[in-house]
Amino acid sequence: MLSHDFGAGFADPVRDAQAVFRAILDALANPGTPQNLPAIDTEMGRLGSITLTLTDHDTAIWLSPALDTEAVRGFVGFHTGASIVADPAKATFAFVARGDALPDFARCNLGTQEYPDRSTTIVAEMSALSGGPTLVLRGPGIRDTHEISPMGLPGDFVAQWRENRELFPRGVDLLLVAEGRVIGLPRSTRIVEA
Amino acid sequence: MNAVANYNFAYLDEQTKRMIRRAILKAVAIPGYQVPFSSREMPMPYGWGTGGVQVTASIIGPDDVLKVIDQGADDTTNAVSIRAFFAKVAQVATTTHTAEATIIQTRHRIPERKLEAGQILVYQVPIPEPLRFLEPRETETRKMHALEEYGLMHVKLYEDIARHGRIATTYAYPVKVEGRYVMDPSPTPKFDNPKMHRSEALQLFGAGREHRIYAVPPHTDVVSLDFEDHPFEIQHFEQPCALCGAEGVYLDEVILDDRGGHMYVCSDTDHCEERRDAGFVGVLGMQEAAE
Ligand SMILES: [Zn+2]
C-alpha cells in the first residue's frame, strides 16, 4: 500500500472526519472551551487529523518551518491533494508546529469586506492548553466571560488579536491544539489579559 | 426519494461535506454573514429544504439523535420524509421529542421547549437575503452588508408603520446579529425571534437554491429591528391551546367543520403532546370529559 510511505491517514475516513469536524465546530461555537479530538496521530501529529478533515485540492496550506518537511509534504499531497504555499496571505489554512512562530495575523489572508469568509484559519499546536498567561474571552458563543491560559502563544498575541478583532468581519480564525484537545478562537472573540 | 440505493454515509460524498463543513465554520466565526457554498443536488425537490438537508448531512454522526419539524409538527410529509432519509443514509436514531434530539432540522418553527447547550438547530431557508425585496441584485446586497448600509431596511419597516399603524411583517422578521449583520431568520413567525436571542443552542441556516449558509452561535445577541416609538412585539393569542391549555405558545387555527367551527392548538405538536401526557387539559378536552 502506497499510503504507508506517506504516513497513515484516517482508519475510517468518513467517521473519523465527522468526529474531528464536530470537535472543531463545537470549539468555534464555544470559544475557549476545549473539545476532545479523536485520538488519531499522523505524520503531522494531532494537527494532521484537522488537515485530513478540512483540506483538499480546493484549499491552500501554509506550513510552519518545522512542518515543512518532505514527510509532511508527502502526507498532505497524498492524503488531501491540497497545494502548499509559501505565503500565508495565500493560505486557506496555516498549520503551525509546537515551538514555531505563528504567522503574523496581518500577513495572513484576512478576507474582504464583501467576502470575509475568504480568510486564513490558523491551526497551531501549543505546548499546553493551560499554564500560560490567563486570557479573558468575550463574544458570541460565550455566556459572559471565559478564561483560557494556553502556553505557546506569541508575546504580542493580545495586541495582534485586538487588531484582528477590529477588522471584523474580516480577520483570521484560530484553532489551538494540545493534549489531544482543540480550542477555537473565532475572529468574533474579544480577548484581554486578566 | 429514490436513487439512494448506493449511498455514502449521510448521502453526500466526502469532498462535498468538506466544502460545506468549511463554509459552516466560517459562518460560525462571522455570525449572521451569508457564506456562499456550492449547493449539491439532493434526492428531493428544492422546496423540501435541500439547504438544511445538506447542512444536517455534513454535521451528523452515528451518535446523533435527529428530530425534524415542519410548521412545528413532526408528522407532516416533509418532516417524515427527511427523518426517514437520514435514518436510512446515516443510520441515526430519530425522535419527535425536542429534549432528546441533538440535531433538530426545522422549517418555520423553533420548538417551544428551551433548547439546551449541545443541541444544534438547522433551519431550511428558502430566501436567505433579508435585503432581497429591497434590492434584487446580489452584488448590491453584498455591498450593503459589507458597508452596514441597512437604512433601506428601516425605511421599509417604517413604511409599514405609516400604512398599517404598526410593523405588519409577521414572518421572516429581520434581526440584527451581534450588532453587525442584518439576517433573515427564515420563514419562522416573529413569535420565535426572541428564542434566537442568546440561545444556548447553535443555530445553522442552509439555503440550497440560493447557495448560502449562515449561523448564530450560542449566547449571541439576536435583536429584532424596530423603532423607539414602535418597539418589536410578538404575536399574542387571545385563548390558550384548546387541547393542552398552554399559554404563551404559538397556536395554529384548525377548522373543525364547514359552519365556521374552529379551534386554536399548539403548532409545536411535541410540546402539546408532552403537556397532555403530563395531565394538562385544554377547553376541548374538558368538553369531551363532560360529555
Ligand atoms: Zn397544546
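Tutor: A salt bridge pairs a side-chain nitrogen of Lys or Arg with a carboxyl oxygen of Asp or Glu within 4 Å. This is a predicted model; local features need pLDDT of at least 70, and side-chain atom pairs pLDDT 80 or more, while totals for chains, interfaces and linings use all residues. Residues are numbered from 1 along each chain, chains are lettered from A in written order, and side-chain values use heavy atoms, without hydrogens and water.

Student: How many salt bridges does the rule find across the interface of chain A and chain B?

Tutor: Take one pair as a start: the side chains of A:D56 and B:R18 meet, N to O, at 2.9 Å. Across the whole interface of chain A and chain B, the count is five.

Student: How much area do chain A and chain B bury between them?

Tutor: Buried area is the accessible area (1.4 Å probe) lost on being put together, summed over both parts. Carbon and sulfur atoms hold 61% of it here. The total for chain A and chain B is about 3,300 Å².

Student: Which helix gives the most to the side of chain A that touches chain B?

Tutor: Helices are DSSP runs of H or I, at least four residues. Both α1 (13-29) and α2 (47-54) of chain A supply at least two residues to that side. With 11 residues, the top giver is α1(A).

Student: Which strands stand at the edges of the open sheet in chain B?

Tutor: Strands are E runs of at least two residues, and two of them pair at two or more DSSP bridges. The antiparallel order is β7-β6-β10 in chain B. A single partner leaves one side of each edge strand without a neighbour, so the edges are β7 and β10 of chain B.

Key. Buried area is the accessible area (1.4 Å probe) that two parts lose on being put together, summed over both.
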